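Subject: Handover of a structure and findings

Dear colleague,

I am passing on to you the structure shown below. Please look through it first, and then read the notes that come after it.

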Amino acid sequence: MWVIFKKEIRSFLGSFIAYIVIGVFLLLTGLFLWMIKGNNIFDLGVASLQVMFEVAPFILIFLVSAITMRSISEEKRLGTLEILTTKPIHDVQIIVGKFLASVTLILIAIVPTLFYYYAIYNLASPVGNIDTGATMGSYIGLILLAACYASVGMFSSSLTDNQIVALITSMLLNFFFFGVLGMLGDISWLTNIGKSLEWFGLEFHYDSISRGVIDTRDVIYFLGFIFVFLGLTKIVFESRKW
Amino acid sequence: MSIIVNNLTKVYGKQYAVNHVSFEIGTGEIVGFLGPNGAGKSTTMKIITGYIPPTEGGGTVCGIDFVEESIEVRKIIGYLPEHNPLYLDMYVKEYLAFMAGLAGIKGSQISKSVDLALDLTNLHPEKQKKIGQLSKGYRQRVGLAQALIHNPKVLILDEPTSGLDPNQVIEMRNVITQLGKEKTVLLSTHIMQEVEAMCSKVMIINQGNIIANDTIEILQNSGNDTLTVIVEFGAPCSKSDLAKIEGILSIENISGNRWRINGKSSHIRQHLSQFAMSKNIEILELTSDKNSLEDIFRNLTNHVGHI
């Protein structure tokens with residue numbers, strides 16, 4: 001598994017995708033947090049990273065999908081899947097190795113934003129007047145959310161040998177699970193059904209963790225979500241055997 | 001026995017890709033797996049290497065069941081798939097180190113086994129290049145090096161020389177022959193000469209069935225009292241005249257006055273020269289065309305194609 005992990009990380013760093021993803025993520029979150037009029041931290045006058053945590057899930061839908069689009073589809077296109085799957089490793093090790101590599105790359109993109117936290121911590125009046133608990137909760141939520149996106153991305157990538165198709169499928173599915181299901185709770189005529197369906201969406205649990213309270217139910221939801229999609233990936237992956 | 005295959009069957013829908021195939025390959029043999037495209041060669045190899053499971057049947061590699069204990073079998077098999085898939089953006093050395101890691105080789109042993117594989121395939125001058133920059137011949141060697149990386153006891157090579165130029169083919173054959181001194185090799189091809197050049201035994205497969213499994217000498221002489229000759233006359237003559245010669249089975253015009261003629265082996269050359277004398281034309285060339293794959297197929301599959 002670590003052999004696959006290392007190879008994936010090396011090929012990320014050898015390709016431009018990694019740098020583009022990290023760059024775009026930092027640029028966009030930075031813009032929203034500091035620059036864009038009306039919403040930036042100076043206009044709002046509140047020492048918090050709230051703005052960033054509101055836009056980041058939508059930016060990540062695109063970026064995580066871009067990271068994972070090649071993971072399996074490219075192996076299918078090149079035919080190298082036949083090489084990998086005839087080596088003495090289990091299919092699960094291939095999938096998990098690739099998944100962890102994608103999550104690691106996202107972590108590398110997210111970690112530099114801790115600098116924003118440091119800056120705001122010092123800018124706040126008085127210094128340190130920032131809700132550290134909620135911020136850390138939001139970070140954990142964001143990382144778990146990105147991991148969920150990555151599992152959906154892996155699944156989409158396993159469905160096709162075309163990375164563009166994988167990218168679009170992944171973005172649509174991720175938008176559905178985060179955005180669409182998240183909105184259902186706000187539709188009045190759906191009342192209770194909407195609220196129940198919202199529970200299945202990623203946004204509900206992301207918001208919940210962002211408040212700074214790490215509820216085991218939310219963590220279990222995220223881990224379960226990842227488990228289900230990696231499981232589906234494995235099923236598609238093994239469809240060659242049918 | 002190195003490879004034992006028992007009653008192996010693979011069904012896609014209603015079509016039998018491999019139909020109750022059984023064979024045995026002894027340790028240290030180089031066996032050619034011969035057949036036209038779509039005959040079931042690749043499917044059989046994919047099942048042995050654990051890429052796909054069989055519908056029915058099974059077998060062992062060095063005593064280990066390749067269906068039940070696929071992971072264990074993969075440790076002792078080196079496999080070069082058809083079309084030789086490679087990561088074109090990886091460096092040769094990097095790729096081989098990755099493959100060594102996948103094969104379960106650890107730490108300092110990795111660079112040793114990479115060097116050994118580079119030695120065996122004469123790839124040292126190219127090791128710092130990207131695979132995408134290499135010519136087809138070198139890429140094929142990288143594919144072979146990948147199969148060799150963990151010093152497997154058994155090599156399974158799916159069309160290792162297809163698409164190479166004649167020089168590269170010869171080099172590739174030399175490498176495989178060299179390897180065959182220590183390892184059991186099963187290689188597939190649709191070129192008869194290839195089997196003659198490398199293999200000690202040949203298995204012919206057609207439409208999922210093994211229709212011959214023997215040494216090359218036996219196969220080339222087996223059951224066929226026919227001989228194919230190539231003859232060039234000094235003057236034109238008609239096909240109908242040629243067809244009148246005793247014992248002729250098939251006639252094919254190659255070009256101008258050159259003909260490929262198949263007939264009863266005992267008489268054909270004699271009758272041809274008698275024919276030429278009676279017509280008062282010279283024979284410029286008369287050579288025997290060793291049984292080609294097509295001929296053996298014709299002989300083995302109900303003599304289709306004879307006149």
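The notes below go through a helix pair in chain A, the contact between the chains, and chain B. Please bear in mind that this is a predicted model.

Helix pair in chain A

Two packed helices are described by the angle between their axes and the distance between the axes. In chain A, helix α4 (residues 50-78) packs with helix α9 (residues 163-184) at an angle of about 140 degrees, and their axes are 8 Å apart. Angles over 145 degrees would count as roughly antiparallel and those from 65 to 115 as roughly perpendicular; α4(A) and α9(A) are therefore oblique to each other. Their crossing is right-handed. On the side of α4(A), the contact is formed by A:P57, A:I61, A:F62, A:S65, A:A66, A:T68, A:M69, A:R70, A:S73 and A:E74. From α9(A) come A:Q163, A:A166, A:L167, A:S170, A:M171, A:N174, A:F175 and A:F178. By type, the residues of this contact are ten nonpolar, six polar and two charged.

Contact between the chains

Chain A brings 15 residues into contact with 19 residues of chain B. On the side of chain A, the elements that give two or more residues are α1 (2-14) and α5 (80-84). The largest share, three residues, comes from α5(A). The residues on this side of chain A divide into five nonpolar, five polar and five charged.

Domains and sheet of chain B

The domain assignment splits chain B into domain 1 (3-220) and domain 2 (226-290). The C-alpha centres of these two domains of chain B lie 41 Å apart.

Chain B also holds an open sheet of four strands, in the order β12-β13-β11-β14, with antiparallel pairing. At its edges are β12 (248-255) and β14 (283-289) of chain B, each of which pairs on one side only. Neighbouring strands of the sheet are turned by 20 degrees against each other on average, direction ignored.

Within this sheet, strand β11 (residues 226-233) of chain B pairs with strand β13 (residues 258-264) of chain B in the antiparallel sense, over seven bridges. One residue to look up here is B:L227, whose bridge partner in β13(B) is B:G263. Helix α10 (residues 268-279) of chain B lies across β11, β13 and β14 of chain B and runs at about 25 degrees to β11(B).

With kind regards

Note on methods:
Residues are numbered from 1 along each chain as its sequence is written. Chains are lettered from A and ligands numbered from 1 in the order in which they are written. This is a predicted model: local features need pLDDT of at least 70, side-chain atom pairs count only at pLDDT 80 or more; totals for chains, interfaces and linings use all residues. Axes are lines fitted to C-alpha atoms, for helices over the stretch in contact, and angles run from 0 to 180 degrees between N-to-C directions. Angles under 35 degrees count as roughly parallel, over 145 as roughly antiparallel, 65 to 115 as roughly perpendicular and the rest as oblique. A crossing is left-handed if the near helix is turned anticlockwise from the far one by less than a right angle, and right-handed if clockwise. Two residues are in contact if their C-beta atoms, placed from the backbone, lie within 7 Å. Ala, Val, Leu, Ile, Met, Phe, Trp, Tyr, Cys and Pro count as nonpolar, Asp, Glu, Lys and Arg as charged, and the others, Gly among them, as polar. Domain bounds come from an automatic or database domain assignment. Two strands pair if DSSP finds at least two bridges between them.
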